[in-house]
Structure formats: structure tokens, C-alpha cells
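Biologist: Hey, could you walk me through this one? I'm new to reading structures.

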Amino acid sequence: MINSRLFAGTILSWCYNNLWTHVPSRSLRSLFLKFYLGRTGQRTNVQMRCRFLNGRKVELGARNVINFGCLLDGRKFKIVTGDNVSIGPEATILTLGHDPQSPSFDDRGGDVIIGDRVWIGYRALVMPGVTIGEGAVVAAGAVVTKDVEPFTIVAGVPAKPISKRNTELTYELDYQPWLV
């Protein structure tokens with residue numbers, strides 16, 4: 001027997017990932033995402049070609065910019081972002097994977113928590129169970145396998161601290177292009 005909630009969620013995911021994400025109107029995509037995601041904060045902008053695996057477990061804060069081509073995996077665990085978060089193009093945030101030591105290929109994962117004013121660079125990869133502290137920066141192409149302390153800049157594979165960021169951040173993101 002088919003679980004009706006699981007079926008409905010699968011249909012919503014398919015509709016967004018294969019149809020709505022290609023609609024060249026931020027306003028129309030935002031309207032769909034208000035119903036599809038667990039939470040979408042005010043003035044948050046999700047650009048074209050982003051994909052969500054179970055959007056009900058994705059909670060985006062206010063004034064986030066999720067750039068084109070991102071993948072947010074909320075299949076089993078949550079992704080929660082703070083306010084004024086910028087996620088660069090084609091970045092991936094995973095919450096679920098497999099235990100390589102498991103003889104039966106068991107799942108393993110955890111929530112991904114992203115603090116206020118975090119900046120995640122182009123094609124960065126955030127692995128399951130990671131917390132990225134307020135004001136942190138993840139460099140382009142970095143693979144984040146462990147928690148990132150607030151106001152820390154990390155880079156590399158695996159990501160390691162390379163610098164500290166100014167703690168007096170006051171900016172508010174408000175990127176609202178019409179056809180992106």
C-alpha cells in the first residue's frame with residue numbers, strides 16, 4: 001500500500017525539480033516554494049535550476065539567496081538556514097548518505113544547520129550532520145565534513161580553517177531579480 005503523504009511529497013518534488021525550477025519568474029517559483037518548503041523566510045530568493053529532495057524538511061530564513069543549480073537534500077533530515085545566507089551556484093547540501101562500513105549499506109546522516117550571514121561559495125559541498133556557525137565562509141569547491149566555528153573561513157578538501165571573518169557584519173541580502 002502506498003503512503004499518501006510520501007506519494008504527495010514525491011509528486012511535489014517532481015513538479016518543482018522538473019517543471020517549476022525552470023520557470024523564469026522568481027515570483028512564480030517563490031509562490032510554489034511557500035507551499036512546498038518547510039519554511040521560506042521573507043525576501044528569500046531561490047534561483048532557477050535549484051533542486052530539493054523533500055522540500056518539507058528544508059527551512060530557509062529571511063533574505064537568503066540560493067543561487068542557480070543548487071541541490072538541497074532534505075530526504076530524511078532537516079536543512080535549516082538562518083537569515084542573510086548566501087549559497088553560491090551549484091552548491092550541494094546533503095543530509096543523508098550511507099555508512100561505508102555497513103554490511104547492509106545502511107543510511108547515515110543528520111541535520112545541517114547554517115547560521116545567520118553564512119556565505120557558501122560556488123560548488124561547495126556540505127556533508128550530513130554539519131553545523132556552520134554564524135558569519136562563517138565556505139570557500140568555493142570546499143567539502144565541509146565537520147562543524148565550522150562562527151566567523152571562520154574554511155577552504156579545501158576536506159575543508160579546514162584558513163582565516164577569521166570580521167565579526168561586525170551588518171549587511172542584509174536583498175537580491176530580487178525578476179528573471180533569475
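Modeller: Sure, we'll go through the helices, a surface patch and some backbone oddities, and keep in mind that this is a predicted model.

Biologist: Cool. How do the axes of H1 and H2 cross?

Modeller: Helix H1 covers residues 4-18 and helix H2 covers residues 26-36. Their axes cross at roughly 160° and come within 11 Å. Angles over 145 degrees count as roughly antiparallel, so H1 is roughly antiparallel to H2.

Biologist: And which hand does the crossing of H1 and H2 have, left or right?

Modeller: The H1 and H2 crossing is left-handed.

Biologist: Switching topic: which residues form the nonpolar patch on the surface?

Modeller: Ile2, Phe7 and Ile11 do, and together they have about 320 Å² of accessible area. Phe7 sits in H1.

Biologist: How exposed is Phe7?

Modeller: Phe7 has a relative accessible area of 47%, so it counts as partly exposed.

Biologist: OK, now the backbone. Which residues have a positive phi although they are not glycine?

Modeller: Arg63 is one, with phi at about 55°, and Phe151 is another, also at about 55°. Most residues other than glycine have a negative phi.

Biologist: Where are Arg63 and Phe151?

Modeller: Both are in loops: Arg63 between strands S4 (58-60) and S5 (65-66), Phe151 between strands S17 (143-144) and S18.

Biologist: Is Phe151 buried or exposed?

Modeller: Buried, because its relative accessibility is 14% and the cut-off is under 20%.

Biologist: Last one: which peptide bond is cis?

Modeller: The bond from Val157 to Pro158 is cis, with omega near -5°. Pro158 is in the loop between S18 (152-155) and strand S19 (160-164).

Technical notes: Residues are numbered from 1 along each chain as its sequence is written. This is a predicted model: local features need pLDDT of at least 70, side-chain atom pairs count only at pLDDT 80 or more; totals for chains, interfaces and linings use all residues. Side-chain values use heavy atoms; hydrogens and water are left out. Patches are made of residues with over 30% relative accessible area and no salt bridge: like charges are joined within 9 Å, nonpolar side chains (Val, Leu, Ile, Met, Phe, Trp, Tyr) within 5 Å. Accessible areas come from the Shrake-Rupley method with a 1.4 Å probe; for residues, only the protein chains shown count as cover. A salt bridge is a side-chain nitrogen of Lys or Arg within 4 Å of a carboxyl oxygen of Asp or Glu. Helices (H or I, at least four residues) and strands (E, at least two) are DSSP runs, numbered from the N terminus. Buried means under 20% relative accessible area, exposed over 50%, partly exposed in between (1.4 Å probe, protein chains only). Axes are lines fitted to C-alpha atoms, for helices over the stretch in contact, and angles run from 0 to 180 degrees between N-to-C directions. Angles under 35 degrees count as roughly parallel, over 145 as roughly antiparallel, 65 to 115 as roughly perpendicular and the rest as oblique. A crossing is left-handed if the near helix is turned anticlockwise from the far one by less than a right angle, and right-handed if clockwise.
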